[in-house]
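Here's a quick walk through a protein with a ligand bound to it. Have the sequence and the 3D view open while you read.

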Amino acid sequence: MITTARLSLRHFRPGDAEAFAAYRSIPEVARYQSWDAPFSLDDARTTVASFATGDPLAPGWFQYAIDLDGQLIGDIGLNTADNLMQADLGFTLAPAYQGKGYASEAVGALLEQLFTERELHRVSAECDARNVTSARLLQRLGFRQEGFRPEYSWFKNEWTDELLFGLLQRDWRSARSAG
Ligand SMILES: CC(C)(COP(=O)(O)OP(=O)(O)OC[C@H]1O[C@@H](n2cnc3c(N)ncnc32)[C@H](O)[C@@H]1OP(=O)(O)O)[C@@H](O)C(=O)NCCC(=O)NCCS
């Protein structure tokens, strides 16, 4: 679906279930996410099967598999609004593949497609305020921090602060043309 220098973004397929269960079961990966570790292989098979049938161009959530040489190393969730002009996204990388620029490469390629081919006006993202690697990734890609919501969510048995980020098509295009 999308190819970069080192990666491809593709649909999930049944053979991804084991790698998916493995990285979703790591407590540091699940820490600020909607699921709890461990994540069973049965749950992974069901989730992967439902991801596999998604349509990236339709409104609602679509999950892109991040593939390195045929191996699932992470995923990007994209929630396209009903108006097809804006979307939210989230991302995960297996820890063995963090710190190598893979998330920047994958999410950057998706943003390029969203803004130039699909002509989205805006992409938004949110993260726990303690999730510094996630905030750093968004800022590296050009997202602007638009808000801070103190104790906004009751999440995993505590009140959590949330950061709001946004990126407009015109800012993406001008950053790209400035190199
Ligand atoms: C959020 C997450 C995807 C970020 O991963 P990441 O590895 O930090 O991001 P990248 O893959 O873009 O790698 C960037 C790092 O690789 C380094 N790097 C090494 N080689 C590189 C290369 N060839 N190109 C670019 N960067 C490279 C960069 O310097 C940067 O390091 P720094 O952050 O210390 O400056 C990851 O931390 C994660 O999966 N967390 C758990 C899940 C989660 O919380 N998701 C967010 C929910 S909102």
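What follows starts at the ligand and then moves on to a few features of the chain itself.

Keep in mind that this is a predicted model.

**Around the ligand**

Where does the ligand sit? You'll find the ligand in the largest pocket. A shell of 21 residues surrounds the ligand, and the closest are Phe91, Leu93, Gly99, Ala103 and Ser104. If you sort the shell by residue type, you get seven nonpolar, nine polar and five charged residues.

Which elements build that shell? At least two residues each come from β5 (86–93), α4 (102–117), β6 (122–128) and α5 (132–140). Helix α5 gives the largest share, with five residues.

Now for the polar contacts. In each row below, an oxygen atom of the ligand is one partner, and the distance runs to the protein atom listed.

| Residue | Protein atom | Distance |
|---|---|---|
| Glycine 99 | polar backbone atom | 2.6 Å |
| Tyrosine 102 | polar backbone atom | 3.0 Å |
| Asparagine 131 | N or O atom in the side chain | 2.9 Å |

How much of the ligand does the protein bury? On its own, the ligand would expose 960 Å², and the protein buries 70% of that.

**Aromatic pairs**

Away from the ligand, have a look at the rings: there are 10 aromatic pairs in the structure. One of them is made by phenylalanine 12 and phenylalanine 51. Their ring centres are 5.1 Å apart and the planes make an angle of 55 degrees, so the pair counts as tilted rather than edge-to-face, a label that needs over 60 degrees. Phenylalanine 12 belongs to the loop between β2 (8–10) and α1 (17–24), while phenylalanine 51 is part of helix α3 (residues 41–52), so this pair ties together parts that lie 39 residues apart in sequence.

**Two backbone oddities**

Most residues other than glycine have a negative phi, and most peptide bonds are trans. Two spots here go the other way.

Alanine 37 and proline 38 are joined by a cis peptide bond, with omega at about 0 degrees. Proline 38 is found in the loop between α2 (27–30) and α3.

Leucine 84 isn't a glycine, yet its phi is positive, at about 60 degrees. Look for leucine 84 in the loop between β4 (71–80) and β5.

Terms used: Residues numbered from 1 in each chain as written. Predicted model: local features only at pLDDT ≥ 70, side-chain atom pairs only at ≥ 80, totals over all residues. Heavy atoms only, no water. Near = heavy atom within 4 Å. Polar contact = N/O pair within 3.5 Å; in protein donor to acceptor, adjacent residues only side chain to side chain. Areas by Shrake-Rupley, 256 points an atom, 1.4 Å probe, with all protein chains shown as cover. 1 Å grid on protein atoms, 1.4 Å probe; cavity = no way out; pocket = protein on both sides within 12 Å on 5 of 7 lines; lining within 4 Å. Sits in = over half its atoms within 2 Å of the grid points. Helix = DSSP H or I, 4+ residues; strand = E, 2+ residues; numbered from the N terminus. Nonpolar A, V, L, I, M, F, W, Y, C, P; charged D, E, K, R; others polar. Phe/Tyr/Trp six-rings, centres within 6.5 Å; stacked < 30°, edge-to-face > 60°.
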